[in-house]
Protein chains: 2
Amino acid sequence: MELELQGGLRLAIWKRKDIAFDTGIEPTDPCATEFTIGHNVTCREEVDQVMEQAEKAGATIIKKAHDTFWGGYSGYFQDPDGHLWEIVWNPQFEIEE
Amino acid sequence: MELELQGGLRLAIWKRKDIAFDTGIEPTDPCATEFTIGHNVTCREEVDQVMEQAEKAGATIIKKAHDTFWGGYSGYFQDPDGHLWEIVWNPQFEIEE
């Protein structure tokens with residue numbers, strides 16, 4: 001599956017075993033701490049909305065939305081493939097629509 | 001470390017143990033098959049150039065640049081943190097400069 005994002009960026013979803021096959025690297029057990037996908041939103045409420053939407057869609061909430069030590073608001077979930085997503089509102093981060 | 005990319009995208013580099021700490025997930029051994037970063041370039045020669053540049057900078061070549069079954073040309077390397085990068089020329093892929 002491939003998604004066209006902004007600025008020429010594409011997100012493609014591959015099976016782990018296909019990455020192993022294509023690269024010739026031994027497949028290993030899934031591990032969640034290799035990367036996180038950060039999704040920055042425009043306000044606190046949107047963090048809550050996206051977290052709720054993800055949970056309803058089958059995600060596992062790893063860390064509920066909370067105030068962060070750096071003045072933001074964020075939460076983590078794992079998608080059904082075990083990938084970590086962070087939904088973040090950063091008041092210092094300007095988002096161009 | 002954080003890099004500003006195109007279209008509001010940022011690439012941030014974290015230590016795996018910091019991802020584990022921040023999410024509360026048990027850290028595991030590194031594993032390379034969780035994701036690849038694909039870097040699409042505009043011609044075959046550029047694949048060779050980037051692969052050479054990466055190798056000189058300390059990357060490990062995993063799969064030398066080669067013609068792919070789908071009509072492109074690509075190679076894989078692992079950066080010093082073990083992350084997989086694919087350098088790709090896809091003749092069907094239009095890249096906006």
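# Exercises on a two-chain predicted model

B:Thr36 is placed in strand β3 (residues 36-41) of chain B. The model is predicted, and the exercises below start from this residue and move outwards to the sheet, the chain and the interface.

## Exercise 1. The surroundings of B:Thr36

Task: determine whether B:Thr36 counts as buried, partly exposed or exposed, and state which residues B:Thr36 touches beyond four places in sequence.

Solution.

Step 1. Count neighbours. B:Thr36 has 19 C-beta neighbours inside 10 Å. A buried residue needs 20 or more, and an exposed one has 12 or fewer. B:Thr36 therefore counts as partly exposed.

Step 2. List the contacts. Leaving out residues up to four places away in sequence, B:Thr36 touches B:Leu84, B:Trp85 and B:Glu86 in its own chain, and A:Ile19 in the other chain.

Step 3. Take one contact in detail. B:Thr36 and B:Trp85 are 49 residues apart along the chain, and their C-alpha atoms are separated by 5.4 Å.

## Exercise 2. Strand pairing around β6(B)

Task: find which strands pair with β6(B), in what sense, and over how many bridges.

Solution.

Step 1. Recall the background. Sheet strands pair through hydrogen bonds of the backbone, in a parallel or an antiparallel sense.

Step 2. Start from β3(B). This strand pairs with β6 (residues 84-89) of chain B in the parallel sense, over six bridges. Within this pair, B:Gly38 has B:Glu86 as its bridge partner.

Step 3. Turn to β5 (residues 73-78) of chain B. β5(B) and β6(B) run antiparallel and are joined by six bridges. Here B:Tyr76 stands opposite B:Glu86. B:Glu86 thus appears in both pairings, as partner of B:Gly38 and opposite B:Tyr76.

Step 4. Examine the connection. β5(B) and β6(B) form a hairpin with five residues between them, and B:Gly82 in the turn has a positive phi of about 90°.

## Exercise 3. The sheet of chain B

Task: give the strand order of the open sheet in chain B and identify its edge strands.

Solution.

Step 1. Add the remaining pair. β4(B) and β5(B) pair in the antiparallel sense over five bridges. In this pair B:Lys63 is the bridge partner of B:Tyr76.

Step 2. Assemble the order. The open sheet has four strands, ordered β3-β6-β5-β4 in chain B, with mixed pairing. β3 and β4 of chain B are the edge strands, each pairing on one side only. From one strand to the next, the twist averages 15°.

Step 3. Place the helix. α2 (residues 44-56) of chain B packs on the sheet and touches β3, β4, β5 and β6 of chain B, with its direction at about 10° to that of β5(B).

## Exercise 4. Chain A as a whole

Task: describe what secondary structure chain A has, in which pattern, and how many of its residues count as buried, as a percentage.

Solution.

Step 1. Count elements. Chain A has two helices and six strands, and along the sequence these follow the pattern β-β-α-β-α-β-β-β.

Step 2. Locate the sheet. Four strands form an open sheet in the order β3-β6-β5-β4 (chain A) with mixed pairing. β3 (36-41) and β4 (60-67) of chain A have a single partner strand each, so one side of each is left without a neighbour in the sheet.

Step 3. Check one pair. β5(A) and β6(A) pair in the antiparallel sense over six bridges, and A:Tyr73 stands opposite A:Trp89.

Step 4. Give the overall figures. The C-alpha trace of chain A spans about 45 × 30 × 25 Å along its principal axes. Of its 97 residues, 16% count as buried. Among contacts in chain A with a separation of 6 or more, 38% join residues 24 or more positions apart.

## Exercise 5. Symmetry and interface

Task: establish what operation lays chain B on chain A and which elements of chain B supply the contact.

Solution.

Step 1. Superpose. A turn of 180° with a shift of 0.0 Å along the axis lays chain B on chain A with an RMSD of 0.0 Å. The two copies are thus related as by a two-fold rotation axis.

Step 2. Find the residue of chain B closest to the axis. This is B:Gly7, with its C-alpha at 2.3 Å.

Step 3. Size the contact. Chain B and chain A contribute 24 residues each. On the side of chain B, α1 (16-23) and β4 (60-67) each supply at least two residues. α1(B) gives the most, with four residues. By character, the residues on this side divide into twelve nonpolar, eight polar and four charged.

Step 4. Compare the two sides. The copies meet through the same surface, because 100% of the interface residues of chain B are also interface residues in chain A.

Conventions: Residues numbered from 1 in each chain as written. Chains lettered and ligands numbered in written order. Predicted model: local features only at pLDDT ≥ 70, side-chain atom pairs only at ≥ 80, totals over all residues. Least-squares fit on C-alpha atoms with pLDDT ≥ 70 in both. Contact = placed C-beta atoms within 7 Å. Nonpolar A, V, L, I, M, F, W, Y, C, P; charged D, E, K, R; others polar. Pairing = 2+ DSSP bridges. Axes fitted to C-alpha atoms, helices over the stretch in contact; angles between N-to-C directions.
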